[in-house]
Amino acid sequence: MDKICKAVLDKIHSLSPAGRYVIIAEEELFEAFPENSDDSGSELDRALTALRNSGYIDVKYSRGDMYCIAPLKEYIAEEQYADDGDCGEDDEEEIYEKKPRLNFVFVSAFTGGALGSLIISLIFALV
């Protein structure tokens, strides 16, 4: 997410709790733009479209210089993991193989079924 999108999203979150619509003037959103950035309507539209498409905000309507916007979720920066390419012993994780164990419930049910049919077979053989 670029600086402008993050600044606009932070401004929207400061004005309204998540899921609640708030009417925001275009000038308020321009105030959130970082310095040395292009304060144009096209840049604001691009940022709002990117935030809406990513699921961070919901735009109910935009008429003139007024926007009805609801923040949906906050931006959480993804952690960057440094890959130094070194596969030393400290970096390795021990991998344990899970050995297939005999399922006690299955064995007891199978044994009970076999024993029951043996008893029924003996009864029919003797009668």
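**Exercise 1. Work out what average pLDDT the chain has, and what share of the residues score at least 70.**

Step 1: pLDDT is the predictor's confidence in each residue, on a scale from 0 to 100. The chain averages 80, and 81% of the residues score at least 70.

Step 2: Now go element by element. Helix α4 (residues 104–126) has the highest mean pLDDT, 94, while α2 has the lowest, 84. Keep in mind that where pLDDT is low, the predicted coordinates should not be read in detail.

Step 3: Some ground rules. This is a predicted model, where local features need pLDDT of at least 70, side-chain atom pairs count only at pLDDT 80 or more, and totals for chains, interfaces and linings use all residues. Residues are numbered from 1 along each chain as its sequence is written, and side-chain values use heavy atoms, with hydrogens and water left out.

**Exercise 2. Find out how many helices and strands the chain has, and in what order they run.**

Step 1: Helices (H or I, at least four residues) and strands (E, at least two) are DSSP runs, numbered from the N terminus. The chain has 4 helices and 3 strands.

Step 2: Walk along from the N terminus and you meet α-β-α-α-β-β-α.

**Exercise 3. Describe how the strands are arranged in the sheet.**

Step 1: Two strands count as paired if DSSP finds at least two bridges between them. The 3 strands make an open sheet in the order β1-β3-β2, with antiparallel pairing.

Step 2: β1 and β2 (57–63) sit at the edges with a single partner strand each, so one side of each has no neighbour in the sheet. From one strand to the next, the twist averages 30°.

Step 3: Look at the pairs. β2 and β3 are joined by 6 bridges; here Asp58 has Ala70 as its bridge partner, and Arg63 stands opposite Met66. β1 and β3 are joined by 4 bridges, and Ile23 stands opposite Cys68 in β3.

Step 4: Check the turn. The hairpin of β2 and β3 has 2 residues between the strands, and Gly64 takes a positive phi near 65° there.

**Exercise 4. Decide whether β3 is mostly covered or mostly open, and which residues have the most contacts in the largest nonpolar core.**

Step 1: Buried means under 20% relative accessible area, exposed over 50%, and partly exposed in between (1.4 Å probe, protein chains only). Of the 127 residues in the chain, 22% are buried. In β3, 5 of the 6 residues are buried, making this strand mostly covered.

Step 2: A nonpolar core is a set of buried Ala, Val, Leu, Ile, Met, Phe, Trp, Tyr and Cys residues joined through side-chain atoms within 4.5 Å. The largest one has 18 residues, and those with the most contacts inside it are Val8, Ile12, Leu29, Leu44, Leu48, Leu51 and Ile57.

Step 3: At least two core residues each come from α1 (3–15), β1 (22–25), α2 (26–31), α3 (41–54) and β3 (66–71). The largest share, 5 residues, belongs to α1.

Step 4: Zoom in on Val8. A contact means heavy atoms within 4.5 Å. Skipping neighbours within four places in sequence, Val8 touches Leu29, Phe33, Leu44, Leu48 and Leu51.

**Exercise 5. Work out which residues Ala7 and Ala47 contact, leaving aside neighbours within four places in sequence.**

Step 1: Start with Ala7, which is in helix α1. Ala7 counts as buried because its relative accessibility is 15%. With those close neighbours left out, Ala7 is in contact with Ala32 and Pro34. The C-alpha atoms of Ala7 and Glu31 are 9.3 Å apart, though 24 residues separate the two along the chain.

Step 2: Next comes Ala47, in helix α3. Ala47 counts as buried because its relative accessibility is 0%. With the same neighbours left out, Ala47 is in contact with Ile4 and Cys5. Lys6 is 41 residues away from Ala47 along the chain, and their C-alpha atoms are separated by 8.8 Å.

Step 3: Finish with the whole chain. Among contacts between residues at least 6 apart in sequence, 56% join residues at least 24 apart.

Note on methods
Axes fitted to C-alpha atoms, helices over the stretch in contact; angles between N-to-C directions.
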